[in-house]
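Here is a short report on one protein model. Look at the sequence and the fold first, then read on.

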Amino acid sequence: MLKPLRQGLPPLDPAAVSDAASCALPARFEAVREARRFTRNTLEQWDVGDRFDDICLVVSELVTNALRHAVPSAPCRTEAHQSCVRLHLMRWSERLVCAVRDPSHETPVPRDSDDFSAESGRGLFLVDSFADSWGWHPLAGALDGKVVWALFRLRTAG
């Protein structure tokens with residue numbers, strides 16, 4: 001059903017980023033609504049064409065997964081002014097990456113389910129269905145946890 005997860009993003013030149021935006025999200029489920037609002041507002045300023053709805057859906061799923069599976073039930077004990085979950089949106093001329101940072105070291109694992117009418121447990125299946133690729137990688141250095149990312153190819157004019 002799902003392709004194996006890749007550990008890191010495909011090569012993308014950070015110097016060629018056209019636009020970037022990020023926001024800290026609180027460790028509560030209302031953060032999913034805040035992430036959708038932030039994503040819609042950001043994407044309205046960028047020209048992402050017909051990928052708008054796909055990107056918004058995937059952001060919702062990635063943030064929901066981070067809150068449900070990666071955020072500890074106790075309050076986060078991160079460095080001052082850091083949030084437990086952070087959403088990053090980065091756009092190149094032909095690609096967009098949405099990445100969600102969380103404090104967990106656990107590998108995101110898709111659930112095996114043939115029940116497509118289930119109301120939960122399909123998040124990573126939806127990410128795999130709507131994004132062109134996705135994966136995760138552990139954070140290093142002063143940052144703790146991991147980043148789960150999804151990449152979207154954008155159509156260019158011409």
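The text below covers the nonpolar cores, two contrasting residues and the salt bridges of this predicted model.

## The nonpolar cores

Start inside. The largest nonpolar core has 34 residues. Which two of them touch the most other members? They are Leu-87 and Ala-150.

Several elements give two or more residues to this core. The helices are H1 (30-45), H2 (52-70) and H3 (123-130). The strands are S1 (19-25), S2 (85-91), S3 (95-102), S4 (133-138) and S5 (146-153). Helix H2 gives the most, with eight residues.

A second core is separate from this one. It has eight residues, including Leu-12, Val-97, Leu-139 and Leu-151.

Now take Leu-87 and leave aside its neighbours within four places in sequence. What else is in contact with Leu-87? The list begins with Ala-21, Ser-22, Cys-23 and Leu-25. It goes on with Ala-35, Phe-38, Thr-39 and Val-59. Ala-99 and Val-100 complete the list.

## One buried residue, one exposed

Is Thr-42 buried or exposed? Thr-42 sits in helix H1. Its relative accessibility is 8%, so Thr-42 counts as buried, the cut-off being under 20%. Again, leave aside neighbours within four places in sequence: Thr-42 is then in contact with Ala-21 and Leu-89. Ala-21 also appears among the contacts of Leu-87.

Glu-106 makes a contrast. This residue is in the loop between S3 and H3. Its relative accessibility is 57%, so Glu-106 counts as exposed, the cut-off being over 50%. Where does Gly-145 come in? Glu-106 and Gly-145 are 39 residues apart in sequence. In space, their C-alpha atoms are 8.3 Å apart.

## Salt bridges

Side chains of opposite charge can pair when their charged atoms come close. How many salt bridges does the structure hold? The count is eight. The table gives three of them.

| Salt bridge | N to O distance |
|---|---|
| Asp-19 and Arg-91 | 2.4 Å |
| Arg-28 and Glu-30 | 3.3 Å |
| Arg-51 and Asp-132 | 2.8 Å |

Take the pair of Asp-19 and Arg-91, joined by a salt bridge. Asp-19 lies in strand S1 and Arg-91 in strand S2, so this pair ties together parts that are 72 residues apart in sequence. Asp-19 is partly exposed, with a relative accessible area of 24%. Arg-91 is buried, at 15%.

Arg-28 and Glu-30 meet through their side chains. Arg-28 counts as partly exposed, at 42% relative accessibility. Glu-30 is partly exposed too, with a relative accessible area of 37%.

The third pair is Arg-51 and Asp-132. Why does this pair tie together parts that are 81 residues apart in sequence? Arg-51 lies in the loop between H1 and H2, while Asp-132 lies in the loop between H3 and S4. Arg-51 is buried, with a relative accessible area of 11%. Asp-132 is partly exposed, at 26%.

Arg-51 and Asp-132 also belong to a network of salt bridges. Asp-54 and Arg-153 are linked in this network as well.

Notes: Residues numbered from 1 in each chain as written. Predicted model: local features only at pLDDT ≥ 70, side-chain atom pairs only at ≥ 80, totals over all residues. Heavy atoms only, no water. Core = buried A, V, L, I, M, F, W, Y, C linked by side-chain atoms within 4.5 Å. Buried < 20%, exposed > 50% of the residue type's maximum accessible area, 1.4 Å probe, protein only. Helix = DSSP H or I, 4+ residues; strand = E, 2+ residues; numbered from the N terminus. Contact = heavy atoms within 4.5 Å. Salt bridge = Lys/Arg side-chain N within 4 Å of Asp/Glu carboxyl O.
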